[in-house]
Amino acid sequence: MLFSRQALIRLFIPLIIEQLLAICIGMADTVMVTSVSESAVSAVSLVDSINVLLIQLFSAMATGGAIVAAQYLGRKDSESACTAAKQLMYSSVLIALAIGLAAIIFCRPILQMCFGSLAPSTMAYCETYLLLSAVSYPALAAYNAGAALLRAMGNSKASMFTSLLMNLTNVIGNAILIYGFQMEVAGAAIASLLSRILGAAIMLRMMLNTHAPIHIKRITRPEFNFPMIRLIFRQGIPNGLENSMFQVGKLLVAGIVSQFGESIIAANAIGNTMTTFFQLPGTAIGLGMVTVVGQCIGAGEKEQARYYTKQLIVLVWVLLFISDVILFLFIPNIAPLFNLSPEAVSASVEILRLYAVMASIFWALSFTLPNALRAAGDSRFTMLVSIIAMWAVRIGLSYFFVYEMGMKLTGVWLAMCLDWVVRATAFVWRYLSGKWLHQKVIDA
C-alpha cells in the first residue's frame, strides 16, 4: 500500500488544524475591523466578496498543479514533478500579477460595477482595501501554489505551521496598525499584505529545498514549458470555473436572504458560521484526498485509489454523523448564546436541524468524493455537475421555494440540501462507473 495509517494521520491531522486556525483567526480579524466604523466593516465585507472569488481562482490553479505533481510523484518521476512545480509557480504568480494590475488600474470602475452607488465614506474605504489587496495577489498566489505542492508531497505539517504564522502576523498587524497607529481599513489591508508576503517567502524557501521530492530548480531563470502549463490548466481551469460559479451562486442566494429582514439575515449568518465549523473535517480530508488519490493514479494503482477513496469517505461520514448529531441535539442551547432575537433563534434552530439531517447523509458525497475524481483528472465532469446543481437546483429552487411557496429562509436551505442530493447522486454514479479512473492527466 502506498499510504500507511500513520502516513494518513500525518497528512490529515495538520490539515484539520490548519482549517480550524484559518476559521478562528479569520473571525478575530473581522472583529478587529468592527472597531473602526460601520462603513469600514461594510467596505471590508464588500471587497472580500471580490477577494474570495480571486482566492478561489488561485486555489484552483494550485490544485491543478498539485494533481499533476502528485501523479508524477506517484509514478516516481521526480524530475517531471519538479518541472510541474516551477511552471505552476510561474503561471500562478503571473496570472495574479495581471489580475492585481487590472484591479489597481480599474479600481473604482470595478467597485461601481460590482456594488453600484456606495456612500462616499464606504467607497473610499473600498478603494483603499481593494488597492492594497491587489498588491498582495501575487504573494497569495505563490503561497497557494507552494502549499498545494507541499500537500502533494504529503507534507501538510509545513503548510499548517506556515498558515499559523501568517494568521498570527495578520492578527498582530491588525492590532498594531488599527489600534496603535489608527490606520483603520488601510491597517487591516497592510496586515493582510504583510502576512501574505511572509507566507509566500516561506513557501518559496521550502520549494527551493533540493532534498524534497518536489522542488523548484533555478527559480530565477525563466523557463516556460508550455505543454506542462497546458496540463496544469487542463485541471486548474475547470476547478476555477467551478469554484467561481459556486461563489457567484452563493452571492445570488445571499441577495434573496437579504430581503427577509434583520432577524432572518442574522439567523442565516449564524447558520453559515456554524456549518463552517461542522464541515471542517470533511474539507480538510478532501484536500488531502487530492494527494492520496493523485499519487495512486500516478503509480498506476487504480484499485488503491478506489480503496483509499472508500476509506476516506467512510471516515468523513463517521465524523460528520457524530458532529451533526451533536448539532441537532444541542442547537436549541447554542443559538441563544449569539444574543439573537427570538425569531432569529427559532429560524436558526430550524435551518440547522435541517442541515444536520441532510449533511450527515449527503455532504461527504457532494464535496469530499469529487476531490477523488479531480485527483484522477476528472475535473470537467465535477465542474459540469457542480455548475448545473448550483444554478438549476440551489438557485432555481431557492427562487421557487421563496417566491412561490413562501418558505423564506427554510426554502433557501432546503434548496441547498437538494443541491447536495443531485451532486451526491451524480458523483456516486461516476465513482461506481469507474470512468473517473480512465482520465488521462500525464503521459503513460
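In this predicted model, the crossing of helices α5 and α7 is left-handed. Helix α5 spans residues 120–152 and helix α7 spans residues 184–207. Their axes come within 8 Å and cross at roughly 20°. Because angles under 35 degrees count as roughly parallel, this crossing makes α5 roughly parallel to α7. The residues of the contact between α5 and α7 comprise 22 nonpolar, six polar and two charged.

A second helix pair is formed by α3, residues 78–105, and α8, residues 226–257. Here the axes come within 9 Å and cross at roughly 70°. An angle from 65 to 115 degrees counts as roughly perpendicular, and α3 and α8 are therefore roughly perpendicular to each other. On the α3 side, the contact is made by Ser80, Thr83, Ala84, Gln87, Leu88, Ser91 and Ile95. On the α8 side, Met228, Ile229, Ile232 and Phe233 take part. By class, the residues of the contact of α3 with α8 divide into seven nonpolar and four polar, with no charged residues.

Enclosed space was also examined. The count comes to one cavity of 30 Å³ or more, and the largest cavity has a volume of about 40 Å³. Its lining is made up of Leu57, Phe58, Met61, Ser92 and Ile95. Two elements, α2 (38–74) and α3 (78–105), each give two or more residues to this lining. Helix α2 gives the most, with three residues. The lining of the largest cavity has four nonpolar residues, one polar residue and no charged residues. Ile95 of α3, listed in this lining, is also listed in the contact of α3 with α8.

Among the open spaces, the second largest pocket holds about 420 Å³. This pocket is lined by 17 residues, and those closest to its centre are Arg5, Leu8, Gln311, Leu312 and Leu315. The elements that give two or more residues to the lining of the second largest pocket are α1 (5–33) and α11 (302–334). Helix α11 gives the most, with seven residues. The lining of the second largest pocket consists of 14 nonpolar, two polar and one charged residues.

How values were computed: Residues numbered from 1 in each chain as written. Predicted model: local features only at pLDDT ≥ 70, side-chain atom pairs only at ≥ 80, totals over all residues. Heavy atoms only, no water. 1 Å grid on protein atoms, 1.4 Å probe; cavity = no way out; pocket = protein on both sides within 12 Å on 5 of 7 lines; lining within 4 Å. Points joined across faces, edges and corners; volume = space filled by probe spheres on them. Helix = DSSP H or I, 4+ residues; strand = E, 2+ residues; numbered from the N terminus. Nonpolar A, V, L, I, M, F, W, Y, C, P; charged D, E, K, R; others polar. Axes fitted to C-alpha atoms, helices over the stretch in contact; angles between N-to-C directions. Parallel < 35°, antiparallel > 145°, perpendicular 65-115°, else oblique. Left-handed = near helix turned anticlockwise from the far one by under 90°. Contact = heavy atoms within 4.5 Å.
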